[in-house]
Amino acid sequence: MINGYLRSDGRKGIRNSIVVTYLVECAHHVAREIVHPFREQGVNLIGFSGCYPNAYSHKMMERLCTHPNVGGALLVSLGCEGFNKGGLLETIRQSGRPARLVMIQDTGGTRKSIAEGQAWIEQTLRQLESTPRADMGIDELIVGTKCGGSDATSGLTANPAMGRAFDFLVEQKAACIFEETGELIGMENWMAERAQTPELGQEIINTVAKAARYYATMGHASFAPGNADGGLTTIEEKSLGAYAKSGQSPICGIVKPGDVPITGGLYLMDMIPDGEVRFGFPNINDNAELAEMIACGAHMVMFSTGRGSVVGSAVSPIIKVCANPKTYKNMSEDMDVDAGRILEGRATLDEVGKEIYDLLIDVANGRKTKSEALGHQEFVLMYKTFEPLGPACFPSAA
Amino acid sequence: MAFFQKTDGSGVLLLAPGDNVAVATCELPAGTEREVAGRKVALKSRVDVGHKFAIQAIASGVRIFKYGAPIGVASRDIEPGEYVHTHNMTSDYLPTFTLEEGHQFVKEVKS
């Protein structure tokens, strides 16, 4: 059982954070300065750089500012940008969370805005001390899985071990989200066979085809030079490794960024924009995708790495599972789990899977992950366009 | 898709029966000899942890199998024991890019 934080909208979180959100790059510095003295007190910086409005980024911000791990939100606006700040503020307030908008142009510039924002943070931190606690079941958890800085060991050790942890969670009716369709190219038919309905299977095939088309137009797969240095030769080889993260449970639905799963079970996140190719690469780096999973309500995300990623995230803790024994020796301070032991014959896949599961429960109960303790709070949000999910993407009534 | 629970200490892993490449579970020097799926294979060069090598002759144009699944196609004839990577195989889907010397982002297609 988990000791969660009960929000007035009825959802339960595993952290009691405040987010400070800049609504255009022009407000970024002020927002960062507001956060700085409180950065080790659960105050997280997120934001959107663009001046033009975009439905996807608005939805992402709504979901992040009302995330169950978040107890309050401060919006920092320059004043003239296109972001619908009033709408966002209203949504956060309707969720019962304390929220405040600081408009730099109205407040009288940089210094006054920083002072006003920091005063609100101090007051809200005190207010959050009395957030009610509540028992939280495994079936109320949403967990994501992601790989980054992959090498050829990722698909041998860390990814299948995270897949085992997912299987344990799905058995207990947690909602589990895996990604990303651009790194599942070649796996579409295998995934479709695991879909709970043939219609969902077809949606999965369509969504991977969309990803392949998108990346082909961009002229570049989701494949970095370090992947090749680490022994991965092709996108389909990387996909096989990435696919192993999903475990072996049936796939019950598809979500798009910001869609909160309505039941427990295993979901595929479709993060490739709909419609014609625009705004560049679907996700410019690993953190773009972490932010999307967190916007889907993920309380925490398991993150495997072979080459040695150090990233964390704002809002939700990131659990690092290191696939490569050499990398672990070199970077153990950044790694929560040493899955390379499987290659060295020092542990079985099931043992590491159970270790990850146990750690997830500890982290849900407040234990800090390595990246969290080191202060990692990376965040990025770009432009995208999405259409709503089709009916076959939702779990069928049980 | 094939998973393994535990390594056997040989330093070599055949992920699925029928695969034509095997994976090194630790760094294996050139000349390392192992029996894989009933075939004796000697490594022609060093193979790093997680990287793969041919356990049988693979003719140019033939699919490469790992985890029991196709991961691409041989772009030239590959001998048993030869390191398999971007120099001798390509994707069926999208080209692989890598950082060459001089740090240019280049498409990896070598003849």
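These exercises work through a predicted model with chains A and B.

**Exercise 1. Judge whether the radius of gyration of chain A fits a compact globule.**

Step 1. Take the length: chain A has 398 residues.
Step 2. A compact globule with 398 residues would have a radius of gyration near 21 Å.
Step 3. Chain A has 20 Å, so the value agrees with the rule.
Step 4. Add the extent. The C-alpha trace spans about 60 × 45 × 45 Å along its principal axes.
Step 5. Add burial. In chain A, 60% of the 398 residues are buried.
Step 6. Add contact range. Take the contacts in chain A between residues at least 6 apart in sequence; 75% of them join residues at least 24 apart.

**Exercise 2. Place strand β12 of chain A among its neighbours, and state whether its residues are buried or exposed.**

Step 1. Chain A has 14 helices and 14 strands. Strand β12 covers residues 300-305.
Step 2. Find the partners. Strand β8 (residues 142-147) of chain A pairs with β12(A) in the parallel sense, over five bridges. Strand β13 (residues 318-322) of chain A also runs parallel to β12(A), joined by five bridges.
Step 3. Pin down the register. M302(A) is the bridge partner of T145(A). T305(A) has C322(A) of β13(A) as its bridge partner.
Step 4. Sort the side chains. M300(A), M302(A) and S304(A) point one way. V301(A), F303(A) and T305(A) point the other way.
Step 5. Check burial, where the cut-off is 20 or more other C-beta atoms within 10 Å. Six of the six residues of β12 of chain A are buried, so the strand is largely enclosed by the rest of the structure.

**Exercise 3. Work out which strands stand at the edges of the β2-β1-β7 sheet of chain A.**

Step 1. Read the order. Three strands form an open, antiparallel sheet, β2-β1-β7.
Step 2. Take one pairing. Strand β1 (residues 2-6) and β7(A) are antiparallel over four bridges. Here Y5(A) has R133(A) as its bridge partner.
Step 3. Count partners. β2 (12-13) and β7 (133-136) of chain A each have a single partner strand, so one side of each is left without a neighbour in the sheet. These two are the edges.

**Exercise 4. Describe the side of chain B that touches chain A.**

Step 1. Count contacts. 31 residues of chain B are in contact with 33 residues of chain A.
Step 2. Locate the strands. β7 (69-74), β9 (89-90) and β10 (97-99) of chain B each supply at least two residues of this side.
Step 3. Sort by class. The side has 13 nonpolar, 13 polar and five charged residues.

Note on methods
Residues numbered from 1 in each chain as written. Chains lettered and ligands numbered in written order. Predicted model: local features only at pLDDT ≥ 70, side-chain atom pairs only at ≥ 80, totals over all residues. Contact = placed C-beta atoms within 7 Å. Nonpolar A, V, L, I, M, F, W, Y, C, P; charged D, E, K, R; others polar. Buried ≥ 20, exposed ≤ 12 C-beta atoms within 10 Å, placed from the backbone. Pairing = 2+ DSSP bridges. Rg over C-alpha atoms; globule rule 2.2 N^0.38 Å.
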